[in-house]
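Biologist: Hi! Could you walk me through this one while I have it open on my screen?
Modeller: Happy to, let's put it up.

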Amino acid sequence: MINTELENMKMLTASSKKKKKKGKKKKKGKKKKKKGLKLPGFKMIKDMLPPDILKDLIQNDIVKKLPPQNLTDFIGEFNYIHSMLDDIKECLYDPSMALIRQLVTEYIIFPLGSEMVRSRILEDIRSFLFYGPAGTGKTLIVRACATETNSLIFDISPANIDGKYADVKKAEEKMIASVMVTAKEYQPSIIYIDEMEKIMPAKKKGKKGKKGKKSKKNDPSNPSRIKKVLGKWRTKFMNETTRITIIGCTSMPEEGSKKEFKKFFDKTIYFPFPDYTTRRLMWKNFIEKHNGRLRSDFPLSTLAHISEGYSAGTILRTCKKVLTEYRVKN
């Protein structure tokens, strides 16, 4: 009797194990379904082909062909004296123009131009913030990066996206999704954002009793509407294999949120006013560029001294206004 009872117990345990195994197999079959990207706006463009998305972006003037520019057009030399005097514990001196060229070459041009370099760089740097006074060459460097690497430019600056995709619900999601998917398809790509302080504005403390008008997040005229969507795509879509670089520019960083700048951008580069040696070079090059003839006794040093605080753009505009055709001929 005892033997028969033991045999019955073994049969029951074996049948229960088989049922459990069958149940597990059914669960595995449910997980085999393929899912697309869970990112905002992707569902709106998942059925579109990349050439069609690119055509749509070109029609909305988001994909642009900027004037060609060489990196050597960013004039300036190393400031060896400042590099020797720099002390990490104290306030550092402004970077020289040649140092900025070096940083841009190492961190932007090489990784964008070569898949091998991109994969071998230990630091995963995907976004840059160029900040400094107006006319110091921030946009020139963006154009130079695009020319040197033959990259596609996507301009999502506040002035450029104002009122675009207004007829579509969640317009900012569709726009950013279109930009990111197309940028990966036709990489290398540069996503350019000017006036970054409008995308990530600092919180202003209002006076008591006065309430300012708050712009709605989904308002097509509100530049900060793309902030959250862009942040999600940057963190979840861009990686060490995608040759996409986001470059933000601002001439008024004090009006932007420092906390959000640090969170979004991997590296920042400061564009200062040119130093004495750089100003001397600029006066010489710009005068000769506009067909001006320099004598051996021309006071370039004096011009460089009195133009302290001038940006490269200011010096260039001065040469254009002064060196007219009439003056050059006579």
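Biologist: Thanks! Which residues meet where H13 and H15 touch?
Modeller: From H13 you have Arg279, Met282, Trp283, Phe286 and Ile287, and they meet Ala312, Ile315, Leu316, Thr318 and Cys319 of H15. Keep in mind that this is a predicted model.

Biologist: Noted. What's the make-up of that contact by class?
Modeller: There are eight nonpolar residues, one polar and one charged in the contact of H13 with H15.

Biologist: And what angle do the two helices pack at?
Modeller: About 35°, and the axes of H13 (residues 276-289) and H15 (residues 312-322) are 10 Å apart. As for handedness, H13 passes H15 in a right-handed crossing.

Biologist: Which residues of H15 are buried?
Modeller: Ala312, Gly313, Ile315 and Cys319 are the buried ones in H15. Looking down the axis of H15, these buried residues fall within an arc of 165°, so they line one face of the helix.

Biologist: What do the buried residues of H15 pack against?
Modeller: They pack against H13.

Biologist: Let's move to another pair. At what angle do H3 and H9 cross?
Modeller: At roughly 120°, with the axes of H3 (residues 50-59) and H9 (residues 171-185) coming within 10 Å. That angle makes H3 oblique to H9, because 65 to 115 degrees would count as roughly perpendicular and over 145 as roughly antiparallel.

Biologist: Left-handed or right-handed, when H3 passes H9?
Modeller: Left-handed. On the H3 side the contact has Pro50, Ile53, Leu54 and Leu57, which meet Ser178, Val179, Val181, Thr182 and Glu185 in H9. By class, that contact has six nonpolar, two polar and one charged residues.

Biologist: H9 also has a loop between it and E4, right where I'm looking. Which residue joins Pro188 through a cis peptide bond?
Modeller: Gln187 does, and omega is about 10°. Pro188 itself lies in that loop between H9 and E4.

Biologist: Now H11. Which of its residues are buried?
Modeller: In H11 (residues 227-237) the buried residues are Val229, Leu230, Gly231, Trp233, Arg234 and Phe237. They pack against several elements: the helices H2, H9 and H12, and the strands E2, E4 and E5.

Biologist: Stepping back, how many helices and strands does the chain have?
Modeller: The chain has 16 helices and six strands. Of its 330 residues, 38% are buried. Among contacts between residues at least 6 apart in sequence, 82% join residues at least 24 apart.

Biologist: Give me an example of residues far apart in sequence. How far apart in space are Glu123 and Glu240?
Modeller: They are 9.0 Å apart, C-alpha to C-alpha, with their positions 117 residues apart in sequence. Glu123 is in the loop between H6 and E2, and with 48% relative accessibility Glu123 counts as partly exposed.

Biologist: Last topic, backbone oddities. What is phi of Asp61?
Modeller: Near 60°, which is positive in a residue other than glycine. Asp61 is placed in the loop between H3 and E1, and Asp61 is partly exposed at a relative accessible area of 37%.

Biologist: And Asn150, where is that one?
Modeller: In the loop between H7 and E3. Phi of Asn150 is near 55°, again a positive value in a residue other than glycine. Asn150 counts as exposed, at 68% relative accessibility.

Definitions and conventions:
Residues are numbered from 1 along each chain as its sequence is written. This is a predicted model: local features need pLDDT of at least 70, side-chain atom pairs count only at pLDDT 80 or more; totals for chains, interfaces and linings use all residues. Side-chain values use heavy atoms; hydrogens and water are left out. Axes are lines fitted to C-alpha atoms, for helices over the stretch in contact, and angles run from 0 to 180 degrees between N-to-C directions. Helices (H or I, at least four residues) and strands (E, at least two) are DSSP runs, numbered from the N terminus. A crossing is left-handed if the near helix is turned anticlockwise from the far one by less than a right angle, and right-handed if clockwise. Contact means heavy atoms within 4.5 Å. Ala, Val, Leu, Ile, Met, Phe, Trp, Tyr, Cys and Pro count as nonpolar, Asp, Glu, Lys and Arg as charged, and the others, Gly among them, as polar. Buried means under 20% relative accessible area, exposed over 50%, partly exposed in between (1.4 Å probe, protein chains only). The arc is that of the directions from the helix axis to the C-beta atoms. Angles under 35 degrees count as roughly parallel, over 145 as roughly antiparallel, 65 to 115 as roughly perpendicular and the rest as oblique.
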